[in-house]
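User: I would like a close look at one charged residue, followed by its wider setting in the model. Please give the criteria behind each term as it arises.

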Amino acid sequence: MGPEKRPIVRTDAAKFITENVPDNCVDCFHIYFPDPWPKKRHHKRRFLNSSNTDQLIRCLKTGGTIRIATDYAEYFEQIKQVLSAKNETLREIDFLPTAGAQIGEWVGTNFERKYLKEKREIFTIGVKKA
Ligand SMILES: C[S@@+](CC[C@H](N)C(=O)[O-])C[C@H]1O[C@@H](n2cnc3c(N)ncnc32)[C@H](O)[C@@H]1O
């Protein structure tokens, strides 16, 4: 048997999910260090808003998860509010480090490693579709 094929798509995630991903088919969305758009007038560009979260919920299988990490405290507060507003469907779960994470890391991505070197705090949250 050949190597597992894992397609990579480089496009706007919100548009891709909305237009291409069927209902109830995703095991896990990994959303690590989404752009925080720090200027207030740019907050509307943040990926983790209510309507994109509804799309993620639509695509998740029952029991499927969303895992999020950010170094940006104010965005993390917004993310928690967005997720808790969906508490009829989403339940918080423990955020365990990914298989690729080294000791002291949560997810082991390039940006996490950069931020850890800069001694920035990393915030994580995981939720599961009930
Ligand atoms: C701060 S980097 C984090 C990259 C990686 N997840 C990590 O942890 O190392 C944010 C990434 O999100 C991508 N990005 C920003 N807006 C996006 C969107 N609407 N759809 C898909 N990717 C997006 C950017 O191109 C960039 O690669």
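What is the relative accessible area of E105, and is this residue buried or exposed?

Analyst: E105 is buried, with a relative accessible area of 10%; buried means under 20%, exposed over 50%, and partly exposed in between (1.4 Å probe, protein chains only). The structure is a predicted model, in which local features need pLDDT of at least 70 and side-chain atom pairs count only at pLDDT 80 or more, while totals for chains, interfaces and linings use all residues. Residues are numbered from 1 along each chain as its sequence is written, and side-chain values use heavy atoms, with hydrogens and water left out.

The partner of E105 is R113: the two form a salt bridge whose closest N and O atoms are 2.6 Å apart. A salt bridge here is a side-chain nitrogen of Lys or Arg within 4 Å of a carboxyl oxygen of Asp or Glu. R113 is partly exposed, at 30% relative accessible area, whereas E105 is buried.

The search of the whole structure finds 10 salt bridges. Another of them joins D54 to K86, with the closest N and O atoms 2.9 Å apart. This pair links distant parts of the chain, 32 residues apart: D54 belongs to helix α2 (residues 50–59), and K86 to the loop between α3 (73–84) and β3 (90–93). Helices (H or I, at least four residues) and strands (E, at least two) are DSSP runs, numbered from the N terminus. D54 is partly exposed at 37%, while K86 is buried at 12%.

E19 and K15 also form a salt bridge, their closest N and O atoms being 3.0 Å apart. These two residues are separated by about one helical turn, because they stand four residues apart in helix α1 (residues 13–20). E19 is exposed, with a relative accessible area of 54%, and K15 is partly exposed, with 46%.

A second setting is the ligand site. The residues around the ligand, meaning those with a heavy atom within 4 Å of it, are T11, D12, A13, Y32, F33, D35, T109, N110 and F111. By class, this shell holds four nonpolar, three polar and two charged residues. Ligand nitrogen atoms lie 2.7 Å from a side-chain N or O atom of D12 and 2.8 Å from a polar backbone atom of A13. An oxygen atom of the ligand lies 3.5 Å from a backbone N or O atom of N110. Taken alone, the ligand exposes 590 Å², of which the protein buries 58%; accessible areas come from the Shrake-Rupley method with a 1.4 Å probe.

The interior can be described through the largest nonpolar core, which has 22 residues. Such a core is a set of buried Ala, Val, Leu, Ile, Met, Phe, Trp, Tyr and Cys residues joined through side-chain atoms within 4.5 Å. F29, I31, F47, L48, L56, I66 and I68 touch the most other members. The elements giving two or more residues to this core are α1, β1 (26–32), α2, β2 (60–70), α3 and β4 (123–129). The largest share, four residues, comes from α3.

Strand β4 also contains V127, a residue that counts as buried at 4% relative accessibility. The C-alpha atoms of V127 and R91 are separated by 5.3 Å, although these residues are 36 apart along the chain.

How values were computed: Polar contact = N/O pair within 3.5 Å; in protein donor to acceptor, adjacent residues only side chain to side chain. Nonpolar A, V, L, I, M, F, W, Y, C, P; charged D, E, K, R; others polar.
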